[in-house]
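Please open the model in your viewer and keep the sequence panel beside it, since this tour moves from one selection to the next. Each stop suggests what to pick and then describes what is found there.

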Amino acid sequence: MPTSKLALTLFFLGWSLFGLAQIRLPRLISDGMVLQRDQTLKFWGWASAQENISIRIKDKTYRGKADQAGNWSVTVPPQAAGGPFEINLKGKNELQIRDVYFGDVWICAGQSNMVLPMERVKERYPLEIEQANYPAIRNFFIPTLTNLQEPQADLPSGKWEVTTPQNVLRFGATAYFFAKSIYDKYQIPIGLINASVGGTPIEAWISEAGLMAFPDLLATIQQNKDTSYVNSLNRKARLATVTRPSADKGLLESVKWFDPAYVPKNWRNISVPGYWEDQGIKELNGVVWYRKEIEVPAAMCGVPAKLFLGRIVDADFAYVNGQAVGNITYQYPPRRYNLPADLLKPGKNTLVVRVINNEGKGGFVPDKPYFLSANGQQIDLKGDWQYKVGDVFPPVTTPPISGINLQNQPTALFNAMAAPLINCAAKGFLWYQGESNAGNPWPYYQLLPALIQDWRKQWKQGDLPFITVQLANFMEVNYLPSESNWAVLRDAQFKSLAVPNTGLAVAIDLGEWNDIHPLNKKDVGIRLALAAQRLAYGDQNVVHSGPQYDHYQIEGDKIRLHFKHTGTGMISKDGEPLACFAIAGADKRFVWAKAEIQADQTILVSNSQVLQPMYVRYAWADNPADANLYNREGLPASPFRTDE
């Protein structure tokens, strides 16, 4: 094509695209949205260069104009709470946003415990789900997105959902119970924007500008911007991954071990729940088949049934009478499998579970529900089962070649999931994260304040309330004073209260020793709401926190601890002597201490073996199960330590 003709073609193509450009809105600005009340609002989007934009809300029109790059924004004055309304936008095209409410918008972020959905806790909260009809509570869920290059302007997907019994199953449980508590008290529409990704560290949620005080992380950010470097590492990791052919005898034999025609031979006894390494099987990574025959009464047949298999480490395939009924590929989700009405039969029925474990202890997690239910009746599945090993994985003799896990890289989640939100005015932030940083908790003392300051700068609304959920109790109980990475991270979360206008929802009594995803999300949400009542809604009369350690003084062979937020006084919740207090001298060898509440405001701590005490710790453990310091309002004290 001649040069002149090519130039003319490109000119007309550019002119036509310019002429056809239409105003476009970000995903957040869409039907069903909640906009922040009583706050100057910014509507933004994209259009033709210099295109005139008008927005009509409540019979008033506001105008703006796109810049040369097609970016536009229109400022709208504060609006009172209420709805639903329709918002009309006009440029070269016209758009309508329907069913809009003005209320309070809360940014909910963190790890899996923030995004863990109501569906996962539906057996615990059936009435709350049945009654979840709140047209003025809306949720916007952001799926996992990463970007190692730069902050993104928009989200590729997402929609606002109204609270109904069906929709609420997809809402983060902690966030929903928070919203319900706030709505029930103030009757203000609530918008939840949930940007959370399981298993991610805090540094992934901080912007590059927010990490200027962390040179090692900045170096990683710059390195990750080299796409050839990232792709090369991940390519090497893929090439090094060898898919081993299946050698599972349970699937390779002519009659498979889940088949009703299979006749079991040489199966051994084992108890469920429990791990096979604790029952005579040494360090086995591989496939173990479990089998149990149960008698089912006729009353449980001919109706839908449900099989509860607690939690399993790691993956499982479950069969009932030879039919596959469920499969989960990793250890954390609860196993709750629905059985069709025609599957169970009166008399003998066979359950078979194929369990695959790649490292650590494999099997059925203790203290979880194991039963079969139908027609209002239950059959307990705990106790004796039989097992047989289907495959043994050979030990790994060479270190694996690791690629780059994009969602764990510094700034990766901020760029893709938080940056598109910063134009959205908000009431505050809810943060539930920390588990993934507990392996190396010390940087968290600086990283959490850095996140708080960074997000406040990004949102440009001053010191917006920032409320953190402190890590819950988890793992085995240690009945001796001990060191604990989880305790260090909780202390970093507690110390973040030094940042103005921050709150802490203490969850030290809401965890489960055997589950990093405890099911009691209702009390977590309520405690977040109490903090919000004080910080965001100005209720100075609400007791929003349990006792918080403030300072100490040494009195001879004793240490006196002073507290704030004691409410109407401090108590031992169970009426027993205060527990989980430890004391030490200069050698920092901690021993359990006697602790006495005095005048409802201070606690005197001592041990006759420590004549010159210098340090005190409270609830300093992974799982301080006996911690019993509360205020009379029923809120637990945060774990703490005096200066060491």
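A cavity, in the sense used here, is a set of grid points where a 1.4 Å probe fits but cannot get out, and its volume is the space filled by probe spheres set on those points. Please bear in mind throughout that this is a predicted model.

**First stop: the enclosed spaces**

Counted by this rule, there are three cavities of 30 Å³ or more, and the largest cavity has a volume of about 80 Å³. To find the largest cavity, select Leu28, Ile29, Met33, Leu35, Gln36, Leu41, Lys42, Phe43 and Trp44, and then add Asn423, Cys424 and Ala425, which complete the lining. Which strands each supply at least two residues of this lining? They are β1 (34-36) and β2 (41-46), and β2 gives the largest share, with four residues. If you colour the lining by class, you should see nine nonpolar, two polar and one charged residues.

**Second stop: a pocket**

Turn now to the second largest pocket, which has a volume of about 430 Å³. Of the 18 residues that line this pocket, Tyr275, Arg311, Val313, Gln331 and Phe474 are the closest to its centre, and they make a convenient selection. The lining of the second largest pocket divides by class into eight nonpolar, three polar and seven charged residues.

**Third stop: a three-stranded sheet and a proline**

Staying with the strands, select β12, β20 and β15, which form an open sheet in the order β12-β20-β15 with antiparallel pairing. The edge strands of this sheet are β12 (274-275) and β15 (312-313), each of which pairs on one side only. Between β15 and β20 the antiparallel pairing runs over two bridges, and valine 313 stands opposite glycine 363 in β20.

From β20 (363-364), follow the chain into the loop that leads to β21 (370-374), where proline 366 has its place. Is proline 366 buried or exposed? Proline 366 is buried, because its relative accessible area is 19% and the cut-off for buried is under 20%. Leaving out residues up to four places away in sequence, proline 366 touches Pro273, Tyr275, Trp513 and Asn514. You can also draw a distance from the C-alpha atom of proline 366 to that of glycine 274, which are separated by 5.6 Å although the two residues are 92 residues apart along the chain.

Continue to serine 373, which lies in strand β21 and, at 17% relative accessibility, counts as buried. With residues up to four places away in sequence again left out, serine 373 touches Met300, Ala305, Lys306, Phe308 and Gln378.

**Fourth stop: strand β16 and its partners**

Select residues 315-320 next, which make up strand β16; the strand is mostly covered, with five of its six residues buried. Six bridges join β16 to strand β19 (residues 347-357), and the two run antiparallel; within this pairing, tyrosine 319 has valine 352 of β19 as its bridge partner. Five bridges join β16 to strand β17 (residues 323-328), also in an antiparallel arrangement, and here aspartate 316 stands opposite isoleucine 328. In the hairpin of β16 and β17, two residues lie between the strands, and asparagine 321 takes a positive phi near 50°.

**Fifth stop: helix α11**

Now select residues 522-535, the 14 residues of helix α11, which at 1.5 Å a residue should span 20 Å; the end C-alpha atoms are 20 Å apart, so the model agrees with the expected span. Which residues of α11 are buried? They are Val524, Gly525, Arg527, Leu528, Ala529, Leu530, Ala531, Ala532 and Gln533. To see what covers these buried residues, show the surrounding elements, which include β7 (94-110), α4 (173-186), β24 (428-432), β25 (466-469) and β26 (502-505).

**Last stop: a four-stranded sheet**

Finally, move along the chain to an open sheet of four strands, in the order β31-β30-β34-β36 and with antiparallel pairing. Its edge strands are β31 (591-592) and β36 (640-641), each pairing on one side only. Strand β34 (residues 615-618) pairs with β36 in the antiparallel sense over two bridges, and you can end the tour by selecting tyrosine 618, which stands opposite phenylalanine 640 in β36.

How values were computed
Residues are numbered from 1 along each chain as its sequence is written. This is a predicted model: local features need pLDDT of at least 70, side-chain atom pairs count only at pLDDT 80 or more; totals for chains, interfaces and linings use all residues. Side-chain values use heavy atoms; hydrogens and water are left out. On a 1 Å grid over the protein atoms alone, a cavity is a set of points where a 1.4 Å probe fits but cannot get out, and a pocket is an open set with protein on both sides within 12 Å along at least five of seven lines; lining residues have an atom within 4 Å of a point. Ala, Val, Leu, Ile, Met, Phe, Trp, Tyr, Cys and Pro count as nonpolar, Asp, Glu, Lys and Arg as charged, and the others, Gly among them, as polar. The expected span of a helix is 1.5 Å times one less than its number of residues. Buried means under 20% relative accessible area, exposed over 50%, partly exposed in between (1.4 Å probe, protein chains only). Contact means heavy atoms within 4.5 Å. Two strands pair if DSSP finds at least two bridges between them.
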